[in-house]
Amino acid sequence: MSIRTKLLINSTATIAVLTAIFLAISTQVIRRREAVEIERFRRESMHSAKEILVERVNTAYKTLSIIHRKSLDGKHLTEHHSAHKNSIKNYALKLISFLKYDNGHGYIWINDMGKPFPAMIMHPIMPQLDGAILHDSLYGKTTSEQANIFVRSVELCEQEGSGFIEYTWPRPGGMQAGIAFPKISYVTLFEPWGWVLGSGKYVDDINNEIAYRQQSIRQELARLIRIVVFVSLLCAALASAATIWFANHITNPIRNLADLSESFAARPDAPLPELSATAGDEVGKLTRSFRRMASKVEAILKNLTVSNDLLSAKNDHLSRAISEQRAAAEKERLHRKQLIQADKMTSLGILVSGVAHEINNPNNLIMLNGDFLKSLFRDIRPVLDAWVQQYPDFRINGLPYSDVRHELDGLLGGILEGSERIEKIVQNLKDFIRVDTGELDEEVDLNAVLDSAVFITNNLIKKATRNFGLEKAPDVPPVKGNHQQLEQVVINLLTNACQSLENDSAALYARTSFDRLGNAAMVEVVDQGKGIPGKDMHHVFDPFYTTKRESGGTGLGLSISYSIMQAHHGELQLTSQPGAGTLARILLPPLSS
């Protein structure tokens, strides 16, 4: 049996066994992952449902607390409610009845603390229960104890103040049918009025969400198994093909070289005969032939050395020519991409300018009308005050006049303040996109540059972090340069910092300072983001190099910023620690120097 046959048999058997083992292990791992994922989602879904119920009930509780505090205010009680405590509660019940969720299926009910059976105070879905004593078995039973749910909710509030209960309850419109479904609710005690507030969710709805997620996970894992099987079979086929090629690659040259060696050794001056396969072990045959070829090898090697030197020289020359051609082509490609990006930014500037103009027109109308409405209300307020003296129950839009009177000034002021903020945002955008003259002879205030950059990126900063700090040193001297270009650099640094933050609790700081020892005005942007890996630090200033290509990154921000700082005879420094954050520092010579 030849070496080639032995190699093929052993390799094929090994590949088959390894493929089967890999498929078995992969399938088992994927199945275990499926069970873990489904159980995790089940726990998360139930926890999320409970958190939502707590949030809903707490919202109603806070609403009642606000109304109760106002009812206890002596001045408020005298002017508007006097002895109308019941009207205050009715007003509160009306507000709570409007709190509905899940397309109207989620709501807040209220019952009292009556013994032995409480009474329903308000049920927004089943108003026929309002005022009813909740002793009937139709009013639901707890899952574990089969007790009246409202009696159990009163006991729970007396013992712990709040908590969850599991029970059965008809779906909306199904009270008469007598068919109840599992449900979980959160109840809490509003102690000032002795009310129990509750809101629930059907367990079937949660289970449906879990079942849908379970189906999705199983479909995804089934697809993953198919991919693993396909890749495994593909790898096995490729390995088999590689084994065949490798066997031929190893044995054929040995066999051919053995035949060639014998012919060459027998008649060195004769033409080489055609190569043909012979019987016997190839390695042994090669060994015998090599002994007869040894005397001829030295002369052949000398000739080969000369030829190899000549070939190496030509190869070096060709390699240099190819490298130069590739470098020129890459330079042309980068230049073309820069032109395309510049054209896109020009078009974007024109578009933003038009949008800013369209925003300004209605905003000016808002500013004028808002100021007019504020003056108008100031003039008619004495008339309304006199009217309410005669008619204390006078309401506007269903609300007591006193509430409207105190709130309307703030509302109108908020409209004017918002309109002025829109005007400022539009003006900053117009300043940012205006055509840059390219001149570097302006006297630039770095504190003003930082202010305008923070204002433009304010929305991005608010979304990225709750811990933003801004510090402007009063002793920062002016620098010579271009305000718009330096603003672009700071905007790029703030944008990169926001994108590196992994959660909104991570901090972001921007500050100016003056390094007297180094005689440099500085702007620093510090973030607690994910940092820059060491392998990327050497390329961050390269054009079009980006690690955020999938999220729209162009790789031009830091490259352009670096070029701008060079033109200003300044420096752009980056210091980063993966997992801890990044410090970006701009250093510029003062105008006086």
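Start your tour by selecting Glu 39, which is partly exposed, with a relative accessibility of 36%. Keep in mind that this is a predicted model.

Now add Arg 42 to the selection. Its side chain forms a salt bridge with Glu 39, and the closest N and O atoms are 3.9 Å apart. Both residues sit in helix α1 (residues 3-72), three residues apart, or about one turn of the helix. Arg 42 is partly exposed too, at 34% relative accessible area.

Next, pick Arg 43. Glu 39 also meets Arg 43 in a salt bridge, at 3.7 Å from N to O. These two are four residues apart in α1, again about one turn.

Move on to Arg 516 and Asp 475, a salt bridge with its closest N and O atoms 3.1 Å apart. Arg 516 lies in the loop between β12 and β13 and Asp 475 in the loop between β10 and β11, so the pair ties together parts 41 residues apart in sequence. Arg 516 is exposed, at 58%, while Asp 475 is partly exposed, at 35%.

For a contrast, select Lys 89 in helix α3 (residues 85-97). Where is the nearest side chain of opposite charge to Lys 89? It belongs to Asp 112, 9.8 Å away, and Lys 89 is buried with no salt bridge. Show Trp 193 and Trp 195 as well, since Lys 89 is in contact with both.

Finish with helices α8 (residues 446-456) and α10 (residues 483-500), whose axes are 9 Å apart and meet at an angle of about 50°. The two helices are therefore oblique to each other. Residues making the contact include Leu 450 of α8 and Leu 486 of α10.

Notes
Residues are numbered from 1 along each chain as its sequence is written. This is a predicted model: local features need pLDDT of at least 70, side-chain atom pairs count only at pLDDT 80 or more; totals for chains, interfaces and linings use all residues. Side-chain values use heavy atoms; hydrogens and water are left out. Buried means under 20% relative accessible area, exposed over 50%, partly exposed in between (1.4 Å probe, protein chains only). Lys and Arg count as positive and Asp and Glu as negative; His and the chain ends are not counted. A salt bridge is a side-chain nitrogen of Lys or Arg within 4 Å of a carboxyl oxygen of Asp or Glu. Contact means heavy atoms within 4.5 Å. Axes are lines fitted to C-alpha atoms, for helices over the stretch in contact, and angles run from 0 to 180 degrees between N-to-C directions. Angles under 35 degrees count as roughly parallel, over 145 as roughly antiparallel, 65 to 115 as roughly perpendicular and the rest as oblique. Lists of a residue's contacts leave out its neighbours within four places in sequence.
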